[in-house]
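Please take a look at the model shown here. The paragraphs after it go through the structure step by step.

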Amino acid sequence: MQTLKSQQGMTAIGWIIVLGLIGFFVLLALRMTPAYLEFATVKSSLEALQNEPGVTEKAPSEIRSMLGKRFSINDVKSISSKDVKVVNQGGRLEVGVDYEVRVGVLGNVDAVMTFTHDVEVVRN
């Protein structure tokens, strides 16, 4: 059995390793958070099409233009209106995005995030 005098805690090297890992994950979270916030903006822009009156009668180029203006207002830089896929099938409209964001973490190490979201708009 060990006495209190002979018990030891973590060494300085152990603390450095633990703090290094914590710092790395904090850095990773700080670098990736803006991309996820931007995706939330893109997602809300697509879902806002469901409440837009008469959107199912518009041409795909008009819908892309509408989304491009919303992206510009909300300062979305990872995706443009050209990257939005629009399929008009009679009274039903399918609008979706599928894109990738690369964020530099440290030196030549990148974090790659892929985002996909589809919205189906039915004629009101």
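V109 lies in strand β3, in a model that is predicted. With a relative accessibility of 43%, V109 counts as partly exposed, because that value falls between the 20% limit for buried and the 50% limit for exposed. Apart from neighbours within four places in sequence, V109 is in contact with V103 and G104. The C-alpha atoms of V109 and R70 are 32 Å apart in space, while the two residues are 39 residues apart in sequence.

D118 is found in strand β3 too. D118 counts as partly exposed, at 47% relative accessibility. Its contacts, leaving aside neighbours within four places in sequence, are K85, V95, G96 and V97. From D118 to I16 the distance is 45 Å, C-alpha to C-alpha, and these two are 102 residues apart in sequence.

Next comes helix α1, which covers residues 12-47. Helix α1 has 36 residues and reaches 52 Å from its first C-alpha to its last, close to the 52 Å expected at 1.5 Å a residue. There is a kink of about 35° in α1 at M32, shortly before the proline P34.

Which residues of α1 are buried? They are L28, M32, A35, E38, F39, V42, S45 and L46. M32, where the kink lies, is thus one of the buried residues. The buried residues of α1 pack against α2, β2 (92-106) and β3 (109-122).

S45 can serve as an example from helix α1. S45 has a relative accessible area of 4% and is buried, because buried means under 20%. Not counting residues up to four places away in sequence, S45 touches L67, R70, F71 and N74. Of these, R70 lies in helix α2 (residues 60-73).

V18 is also found in helix α1, but V18 is partly exposed, with a relative accessible area of 32%. V18 belongs to a nonpolar surface patch of about 700 Å², made by M10, W15, V18, L19, I22, V26 and L30. Why can V18 be counted in this patch? A patch is made of residues with over 30% relative accessible area and no salt bridge, so the 32% of V18 passes the cut-off for area.

The charged side chains are the next topic. Side chains of opposite charge can pair when their charged atoms come close. The structure holds 6 salt bridges. One of them joins the side chains of R70 and E52, at 2.8 Å from N to O. R70 lies in helix α2 and E52 in the loop between α1 and α2, so this pair ties together parts that are 18 residues apart in sequence. E52 counts as partly exposed, at 24% relative accessibility.

Another salt bridge is formed by the side chains of E94 and R92, at 3.1 Å from N to O. Both partners count as partly exposed: E94 at 29% relative accessibility and R92 at 30%. The side chains of R102 and E100 meet in a salt bridge as well, at 3.7 Å from N to O. Is R102 exposed or partly exposed? At 55% relative accessibility, R102 counts as exposed, whereas E100, at 45%, counts as partly exposed. Salt bridges that share partners also join R92, E94 and E120 into one network.

Two loops remain to be described. P53 is found in the loop between α1 and α2, where E52 lies as well. P53 is exposed, with a relative accessible area of 62%. Although P53 and R123 are 70 residues apart along the chain, their C-alpha atoms are separated by 8.7 Å.

D75 has its place in the loop between α2 and β1 (85-89). At 48% relative accessibility, D75 counts as partly exposed. What is the phi of D75? Phi is near 60° there, a positive value in a residue other than glycine. Most residues other than glycine have a negative phi.

Notes
Residues numbered from 1 in each chain as written. Predicted model: local features only at pLDDT ≥ 70, side-chain atom pairs only at ≥ 80, totals over all residues. Heavy atoms only, no water. Patch = residues over 30% accessible without salt bridge, like charges linked within 9 Å, V, L, I, M, F, W, Y side chains within 5 Å. Areas by Shrake-Rupley, 256 points an atom, 1.4 Å probe, with all protein chains shown as cover. Salt bridge = Lys/Arg side-chain N within 4 Å of Asp/Glu carboxyl O. Helix = DSSP H or I, 4+ residues; strand = E, 2+ residues; numbered from the N terminus. Buried < 20%, exposed > 50% of the residue type's maximum accessible area, 1.4 Å probe, protein only. Expected span 1.5 Å × (residues − 1). Bend = angle between axes of the 7 residues up to and from the residue. Contact = heavy atoms within 4.5 Å.
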